[in-house]
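Trainee: Please take one part of this model, look at it closely, and then work outward from there to the rest of the fold.

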Amino acid sequence: MRPLFQPIHLSILSEAVSLSEEIISDRFGLTTEYWLKNPFEVKTLKDEWPVRLPKGVFAHLEKYGNNWYEKFFGKDTQCLYKVLIVDYRVLKVTGGNNTIMMPFLLYIMTHELIHMVRFSRFECAVCIEDKTEEEDKVHLLTESVLSRVKMANLDLVIDFFNGKRITLSMN
Ligand SMILES: [Zn+2]
């Protein structure tokens, strides 16, 4: 059985979710109305098991919405996004260390919400042909948004995602 988030990790996650929403709202000028039209939920594997996941990812974004023709005829008023956090991979890479987990979860939530904002604004298609190019853009935006945030160990996490660190171990 793979380790899943315990209550302490879930409370760190919920803090990271609120903070990332605040940071993204600020950076992209998103209003309450935007979030009402584009709600998202955050799940962990405890809620979703079993699930097929892309190899090695820490989080996975899915969109539920109406069909394209409803969008075309203006009937599409709402869609729902779901961010699935891969508990055991996050626990493994952070070593379950709370002071690393907060900036780590903030990073992955910010990254997924930037994907979501870009989908919702049609800045990229949901069926992206060049996923690598989109990933690179989102990666740069995440770094730029988070570079203004002051949080312990966030610099380590950014270095990790930049490939400048191969581990998040504090030792
Ligand atoms: Zn991504």
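Mentor: Asparagine 153 lies in the loop between α7 (131–146) and α8 (154–161) of this predicted model. The phi angle of asparagine 153 is near 70°, a positive value in a residue that is not glycine. Is asparagine 153 buried or exposed? Neither label applies: asparagine 153 counts as partly exposed because 18 other C-beta atoms lie within 10 Å, and a residue is called buried at 20 or more and exposed at 12 or fewer.

The loop leads on to α8, and α8 is one of the elements that each supply at least two residues to the largest nonpolar core. The others are α1 (7–28), β1, β3 and α6 (98–120). The biggest contribution comes from α6, with twelve residues. The core has 31 residues, and those touching the most other members are Leu13, Ala16, Val83, Ile85, Phe104, Leu105 and Met109. Leucine 105 touches Ile12, Leu13, Ala16 and Val90, leaving aside residues up to four places away in sequence. A core of this kind fits a general tendency: in soluble globular proteins, nonpolar side chains tend to be buried together.

From the core, turn to the sheet. Three strands make up an open sheet with the order β1-β3-β2 and mixed pairing. The edges are taken by β1 and β2 (59–64), each with a single partner strand, so one side of each has no neighbour in the sheet. On average, neighbouring strands are turned by 20° against each other, direction ignored.

Strand β1 (residues 40–44) runs parallel to β3 (residues 80–85), and five bridges join the two. Among the bridge partners, valine 42 is matched with valine 83 in β3, and glutamate 41 with lysine 82 in β3. The two β1 residues named here belong to opposite faces: the covered face consists of Phe40, Val42 and Thr44, and the uncovered face of Glu41 and Lys43. The general background is that side chains in a regular strand alternate between the two faces of the sheet. Valine 83, the partner of valine 42, is also among the core residues with the most contacts to other members.

As for the chain as a whole, it contains eight helices and three strands, which run α-α-β-α-β-α-β-α-α-α-α from the N terminus. Of its 171 residues, 26% are buried. Among contacts with a separation of 6 or more, 75% join residues 24 or more positions apart.

Definitions and conventions. Residues are numbered from 1 along each chain as its sequence is written. This is a predicted model: local features need pLDDT of at least 70, side-chain atom pairs count only at pLDDT 80 or more; totals for chains, interfaces and linings use all residues. Helices (H or I, at least four residues) and strands (E, at least two) are DSSP runs, numbered from the N terminus. Two strands pair if DSSP finds at least two bridges between them. A nonpolar core is a set of buried Ala, Val, Leu, Ile, Met, Phe, Trp, Tyr and Cys residues joined through C-beta atoms within 7 Å. Two residues are in contact if their C-beta atoms, placed from the backbone, lie within 7 Å. Axes are lines fitted to C-alpha atoms, for helices over the stretch in contact, and angles run from 0 to 180 degrees between N-to-C directions.
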